[in-house]
Amino acid sequence: MHIIFLGPPGAGKGTQAEIISKKYNIKKISTGDILRSEMENGTELGKIAKQYMEKGELVPDEIMIKIIENHIKNLNSFILDGFPRTLNQALELEKITKIDKVIYINVPDEEIKNRLLKRGRLDDKPEVIENRIKVYREQTQVLIDYYKKKGILYEIDGMGSIEEISKRIESVLINPT
Ligand code: AMP
């Protein structure tokens, strides 16, 4: 199965993708984690990505598409966490593979900010958080409608305990379409 986890920053995509990935033995590809590891290793890609990430901006599509292409080739099933984030990324992804289900984790704005402030990652500073939310609204939110129109979007209430939310996701993934 080819799955996308979609939602605002702080919705719990990474946490949930990790749980589902382990439980069902589906490879998880988290573009944020990939970029952070490139940064830690001081690679060329990491240096470029850092300039965008520390401001809460998106890394250019061409770079992200190459990364995804390299990571999903030869995989029968995968969960994408943090990709696509723009319509262009979604269109390019479609040229390489077919997506079965998009899990949209919906969390109210106020809750997002609280969660991110608690997390304390390098790009979780108040100004950067504001910009990441803005970038999400301006560039990523369109994907909700895009996948809804394709009939593959499944909206999950992202409020509640981690276990409650994983159960909701599992019931969507288990049900045949
Ligand atoms: P995340 O861990 O998913 O919140 O991603 C952290 C940061 O990595 C984002 O704020 C972006 O700067 C960058 N990033 C991750 N995934 C993408 C993507 N698909 N397109 C562009 N930038 C991305």
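Ala, Val, Leu, Ile, Met, Phe, Trp, Tyr, Cys and Pro count here as nonpolar, Asp, Glu, Lys and Arg as charged, and the others, Gly among them, as polar. By that scheme, the shell around the ligand holds six nonpolar, four polar and six charged residues.

This is a predicted model, where local features need pLDDT of at least 70 and side-chain atom pairs count only at pLDDT 80 or more, while totals for chains, interfaces and linings use all residues. Residues are numbered from 1 along each chain as its sequence is written, and side-chain values use heavy atoms, with hydrogens and water left out.

Let's look at the ligand. Among the 16 residues around it (a heavy atom within 4 Å), Thr31, Arg36, Glu57, Gly82 and Gln89 come nearest. Helix H2 (residues 31-40) gives the largest share of this shell, four residues; helices are DSSP runs of H or I with at least four residues, strands runs of E with at least two, numbered from the N terminus.

Here are some N or O pairs within 3.5 Å that link protein and ligand:

| Residue atom | Ligand atom | Distance |
|---|---|---|
| Glutamate 57, backbone N or O | oxygen | 2.6 Å |
| Valine 59, polar backbone atom | nitrogen | 3.0 Å |
| Glutamine 89, polar side-chain atom | nitrogen | 2.9 Å |

The protein covers 95% of the 480 Å² of accessible area that the ligand has on its own (Shrake-Rupley method, 1.4 Å probe).

Now to lysine 28, which lies in strand S2 (residues 27-30). Lysine 28 counts as buried because its relative accessibility is 18%, the cut-off being under 20%, with exposed over 50% and partly exposed in between (1.4 Å probe, protein chains only). Its side chain makes a polar contact with the side chain of glutamate 18, at 3.1 Å; within protein, one atom of such a pair must be able to donate a hydrogen and the other to accept it, and residues adjacent in sequence count only if both atoms are side-chain atoms.
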